[in-house]
Every structure is written in C-alpha cells, then in structure tokens.
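Let's take a walk through this one together. Keep the viewer open and click along as we go.

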Amino acid sequence: EIGLAWDLDSTSVGFSGTQVLEVQSRDRPGVHSTSGPVGFRVSGNQLLVTPRDHARAVPMLVLHSSDTLWVGDDKFSRGETALLQWNGRHWRGRFKMFLNPRGQLTVVTRLPLERYLLGVVPGEIGMLSDSLLEAGRAQAVAARSYTLFYKGRRGSEGFDLFATVEDQLYSPAESERALATRCVESTHGLVGMSGEAPIRANYYSTCGGMTAEAWEAWPTPSYDYLSSHADAGATGDFCARSPLYRWREEWPARDFAANLARFGPQFGVPLPAGGVGELLEVRVAERSRSGRVWWLEVETTTGLIRIHAHSLRQVLRRGGNANAILRSNLFKIAVRRDPATHRAIAVVASGAGSGHGVGLCQTGALAMARTGSRGEVILAHYYPGATLQRLY
C-alpha cells in the first residue's frame, strides 16, 4: 500500500464505468456502487462522500475515524489494476481512503508489487535507451528489494511506503515508459538477498566517486553489502558525467547563520543560549569512513554549534534556496573574509555527488551499462556480497 497524499481537507476521485465503494466499519459495513466521480470532504470528525455529478447532492456515505473506504472495481479481485483519476492523473490500483490520526484525509493505493514498480523505475532511473537497459534492470531489482525490505515502514500512517523521494518516487500511469516496463518485466520477481531476507537496497543519484556505509547516513547498524568503496573503473569515476559529480555552494554569512537559526532546532541541533550570533569560523571537525563530513563545527560570537552528519544536509540547505537541502555530505568548506576587517562575509563549500551515497549510484549504474556491464554485475558492484534470487 502506497501513500499518495495525507492531511488533506478534501479531494475527489474519478473513474470510467461503475465503481465499487466498500466500507469497512465495525458498525456500518457495506458495499455501494456509483458511475460518476466522487468527492471527499472532512467535516468535523467525519468524512463525507458525495457524488460530484449532482449539483446539490447530499452525502451518499458518512465515514468516521475508525472506518475505511475502498474505491475500485472487480478487476482488482482478479489481480488486475484499474485506472482511477485523481489529482489530474490516472493511478493504478484500488484506493483506500480514511481519516488519519490527525483527523485529516489520507489517500492510499493498493496494487501488486510488479505494477507498482512500473511507476517507480522511470522516475528513479530517468530516460532509458537500448544501451542503458541494464541500468534499468539493476534499478528494477533494487526498487523491488527496497520495497520488500521496507514493507510496513509507514505503518503508523496506515500504509507501507510514501510515494515520494522519502521512500521511492511513485508516479501515475502517464509517467510509465515502455523501456522501463521492459526492465521490470525482464526481472520479474528477482530480489537482492542477504541470508534469507531481502536487502536494504538503498540508492541515490550520484556518489561523487565514493560510496558510503549505511551508518554514515542514518542511525542504523552496518550491513555487509552496503560498504564504502571507490566507484570507479579503468577510465575513472563511473558517475563523472553527472552534472552533480562536483558542485559549489556559497552563502552570505548572514544567510548561513539564518539557516542555522531556522533549521537547527527542527533537526536536533542545540544552539547557544544567546542564539546563533555573528559567524566567526566554520570547520570540519571529523569525517566518516567515506570522507563525508561527520561533524561540522560553527563558531560564533555566542558559542560553538556542532552539527552531526545525520542532520547536516537538512540544516545547511543550499545557497540562495532555503527550501532545498544540501546535495551531499561529501564536501570541503571555508569562510571567506573581508580583507580589511577579517570579518566573515561568506561561507563557501565545494562538494561532490548528490544524495546519501549508500548503495546504488544511479548515474554510476548508467555509466556501467553504457560500457557493457550487465545488470547483475552492476548490482554486485553496488551491493557486494548480496545474492540474487527469484522469489516468485
């Protein structure tokens, strides 16, 4: 089950033909049918379900906090997936609608794993050509393994995974692509395994030449198959063609301090009692195994601020765009000063890669495919020690 949206006040769902609305409730279970679009609106502690093709329709259903509404047709019971119209696009599966613990509307789609991957692989690996199909095959196996490893991860929200980059980007049917579909179908049921369990198949855009271990990115134990190693071949780093292979960020000293004040407390970074103060120095205090920043120290007129790797990208943000997190933790950083007063006027970072660096480097995988590597070889490179097994 994939969470498409949550904390909504209202939404609507359309479809072709007659659809079944199944209410799961301890008090008022039932099955209803309708042939037109349906609107959903939160009113107090109730969810009102109203036909949208009647000008002054009264609610056909009223759901409470403990109720669940399923929207779909009889195709789902046969293992097929209908296309429901929501948010201006068509989505596979059977929709699940309910009031979440915050009293707002959540929209979920339930669909078979292989159908789900049709909407994941194109958005994650990007446009494919015949010469890049092996990278697409590796991405399909990684996404399938990731899904099985993390199933139930968002259980407190009432579904398995977010449809966003927080888990895997899941897109509507309009985003599906024929070559990506071939990659999913040609690897049907193929999963990366460690022991008897699917692997934690993390992946990201660009490693910058060096992958990272899992604990470098999150507070988690180590995994043998998620090791830090050089991501290079005979001609250099695999992801060197990526536009994010190397990058530069610059913040005016005032903006850098403002980001610390705004985002530090949100992500568990203690600030001095007197606030951030005026910037004096920024330095890398410690690096992790892959060379990424593990601890960053910011010295100000009010005290010392220490930022750990696990919150660093969220706190620093990008220069001139506080809505975007820093591309990676693999960087050098320095203060630029006024020649006359030596006061800090800017902070400059020179970095490499985009993403957490753990597992499969997508631009690296594309480069390996371009030089003739099979998907199985790509997977063995990024998840060393894991095995491939066809589970179904």
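Start with a charged pair: in this predicted model, the side chains of R306 and E297 come together in a salt bridge, with N and O 2.7 Å apart. The two partners sit in different accessibility classes, since R306 is partly exposed at 36% relative accessibility, while E297 is buried at 13%. If you're wondering what brings such residues together, side chains of opposite charge can pair when their charged atoms come close.

How many salt bridges are there in the count? The tally is 23. One of them joins E176 to R92, the closest N and O atoms again being 2.7 Å apart. E176 lies in the loop between β13 and α3 (178-186), and R92 belongs to strand β10 (residues 89-92), so this pair ties together parts that are 84 residues apart in sequence. Both E176 and R92 are buried.

For a more local case, click on helix α2 (residues 133-150), which holds both E134 and R137, 3 residues apart, or about one turn of the helix. Their side chains form a salt bridge too, at 2.7 Å from N to O. E134 is buried, with 18% relative accessible area, and R137 is buried as well, at 12%. This pair doesn't stand alone: E134 and R137 are linked with R374 and E376 in a network of salt bridges.

Now for the strands. An open sheet of 7 strands runs in the order β4-β3-β8-β11-β12-β1-β13, with mixed pairing. At its edges stand β4 (30-34) and β13 (161-162); each has a single partner strand, so one side of each is left without a neighbour in the sheet. Strand β1 (residues 2-8) runs parallel to β13, and 2 bridges join them. Look there for I2, which stands opposite L161 in β13.

Strand β2 (residues 10-13) is where you'll find T11. This threonine is buried, at 17% relative accessible area, and its side chain makes a polar contact of 2.8 Å with the side chain of W86. Other residues that T11 touches include V38, F40, M97 and L105.

Last stop, the cysteines. A disulfide is a covalent bond between the sulfur atoms of two cysteines, but searching the whole structure turns up 0 of them. For C183, the nearest cysteine sulfur, that of C361, is 17 Å away. C183 is buried, at 1% relative accessibility. Why does C207 not bond to C239? Their sulfurs are 3.8 Å apart, which is too far for a bond. C207 is buried, with a relative accessible area of 0%.

Key:
Residues numbered from 1 in each chain as written. Predicted model: local features only at pLDDT ≥ 70, side-chain atom pairs only at ≥ 80, totals over all residues. Heavy atoms only, no water. Disulfide = S-S within 2.5 Å. Buried < 20%, exposed > 50% of the residue type's maximum accessible area, 1.4 Å probe, protein only. Helix = DSSP H or I, 4+ residues; strand = E, 2+ residues; numbered from the N terminus. Polar contact = N/O pair within 3.5 Å; in protein donor to acceptor, adjacent residues only side chain to side chain. Contact = heavy atoms within 4.5 Å. Pairing = 2+ DSSP bridges. Salt bridge = Lys/Arg side-chain N within 4 Å of Asp/Glu carboxyl O. Lists of a residue's contacts leave out its neighbours within four places in sequence.
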